[in-house]
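Hi everyone, thanks for coming. I'd like to take a few minutes to walk you through a structure that is new to most of us, so get comfortable and have a look at the screen.

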Amino acid sequence: MKPTITNPVTLEHHGSYKHLHRQCARVREFIETHWDKILPMADIPGDLNIRLRPLPKRRIAGNGSLATGVMLDISRGLRDIISTLMHELVHVEQFKQGRLKTTCVGRKTVCYWKGDCWGPMRLPGNTKRSADKYDEQPWEKEARDRQEKMTIGLEAMIGPIPNDIL
Ligand SMILES: [Zn+2]
């Protein structure tokens, strides 16, 4: 099974992102080529939707859930993008296995981890305190712990992944 890789932003229509065309094509090809090795690293659906796009704010490197799939910022180095992919795949697994759940309460997304309510979902934010609060959420800890191991595991099979931007 192959992932569905889309690029919902038509890069042609975003003049400032034109330079990312080659990087976008390269990331797509990389994921497709190595998907058979990436897929067994987490408990995820094989036909996962992966969206590639430049993120102008550069605040987050990606996001992932079972419902929406994975979104990755392509305006970063290749290895960082693949490491972020691994991080987001862990989140997809957490949702798939029901360890992480979210519900909408008004305009807020409330998170449950293994049945315990953790309150509204936090984003990394701009201050050290908000970044720390974000990092200490258990689903983020797990994703952070596993992403580098998974990336190194992939590199053990295919060789080092360069971190440049084409
Ligand atoms: Zn995360």
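I'll start with the overall layout, then go through the helix packing, and finish with a few single residues.

Before anything else, please keep in mind that this is a predicted model.

So, what is the protein chain built from? There are 4 helices and 7 strands in it. If you follow the protein chain along its sequence, the order reads β-α-β-β-β-α-β-β-β-α-α. The radius of gyration comes out at 16 Å, and the globule rule gives 15 Å for 166 residues, so the protein chain is as compact as a globular protein of that length. If you'd rather think in terms of a box, the C-alpha trace spans about 40 × 35 × 30 Å along its principal axes.

Two more numbers for the whole protein chain. Of its 166 residues, 26% count as buried. And if you take the contacts with a separation of 6 or more, 59% of them are between residues 24 or more positions apart.

Okay, on to the helices. Just as a reminder, a pair of packed helices is described by the angle between the axes and the distance between them. I've got three pairs to show you.

Pair one is α1, residues 21-38, with α2, residues 78-96. Their axes are 11 Å apart, and the packing angle is about 50 degrees. That makes α1 oblique to α2. The crossing here is right-handed. Who's actually touching? On the α1 side we have Arg26, Val27, Phe30 and Ile31, and on the α2 side Leu78, Ile81 and Leu85. Sorted by class, that contact has 6 nonpolar residues, 1 charged and no polar ones.

Pair two keeps α2 and brings in α4, which covers residues 138-158. How do these two cross? Their axes come within 8 Å, at an angle of roughly 130 degrees. So α2 is oblique to α4, and this crossing is right-handed. The list of residues is a long read, so bear with me. From α2, the contact takes in Ile82, Ser83, Met86, His87, Val90, His91 and Gln94. From α4, you get Trp139, Glu142, Ala143, Arg144, Arg146, Gln147, Glu148, Met150 and Thr151. The mix for α2 with α4 is 6 nonpolar, 6 polar and 4 charged residues.

Let me stop at one name from that list, Glu148. This residue sits in helix α4. Is Glu148 buried or exposed? It has 12 C-beta neighbours inside 10 Å, so Glu148 counts as exposed; the cut-off for exposed is 12 or fewer. For a sense of distance, the C-alpha atoms of Glu148 and Ile60 are 17 Å apart, with their positions 88 residues apart along the chain.

Pair three is α1 with α4. The axes are 11 Å apart and the angle is about 105 degrees, which means that α1 runs roughly perpendicular to α4. At this meeting point, His34, Lys37 and Ile38 come from α1, while Leu154, Met157 and Ile158 come from α4. By class, you have 4 nonpolar residues, 1 polar and 1 charged.

Met157 deserves a pause too. It belongs to helix α4, and with 9 C-beta neighbours inside 10 Å it counts as exposed. Where is His34 relative to Met157? They are 123 residues apart in sequence, yet C-alpha to C-alpha the spacing is 9.7 Å.

Last stop: two residues away from the helices.

The first of them is Arg53, in strand β2, which runs over residues 49-53. Arg53 has 20 C-beta neighbours inside 10 Å, so it counts as buried. Its C-alpha atom is 9.2 Å from that of Leu20, and these two are 33 residues apart along the chain.

The other is Lys114. You'll find it in the loop between β6, residues 108-113, and β7, residues 116-120. What's its phi? It is positive, about 50 degrees, even though Lys114 is not a glycine. For context, most residues other than glycine have a negative phi. Lys114 is exposed, since 11 other C-beta atoms lie within 10 Å.

That's the tour. Thanks for listening, and I'm happy to go back to any of the views.

Terms used:
Residues numbered from 1 in each chain as written. Predicted model: local features only at pLDDT ≥ 70, side-chain atom pairs only at ≥ 80, totals over all residues. Rg over C-alpha atoms; globule rule 2.2 N^0.38 Å. Contact = placed C-beta atoms within 7 Å. Axes fitted to C-alpha atoms, helices over the stretch in contact; angles between N-to-C directions. Parallel < 35°, antiparallel > 145°, perpendicular 65-115°, else oblique. Left-handed = near helix turned anticlockwise from the far one by under 90°. Nonpolar A, V, L, I, M, F, W, Y, C, P; charged D, E, K, R; others polar.
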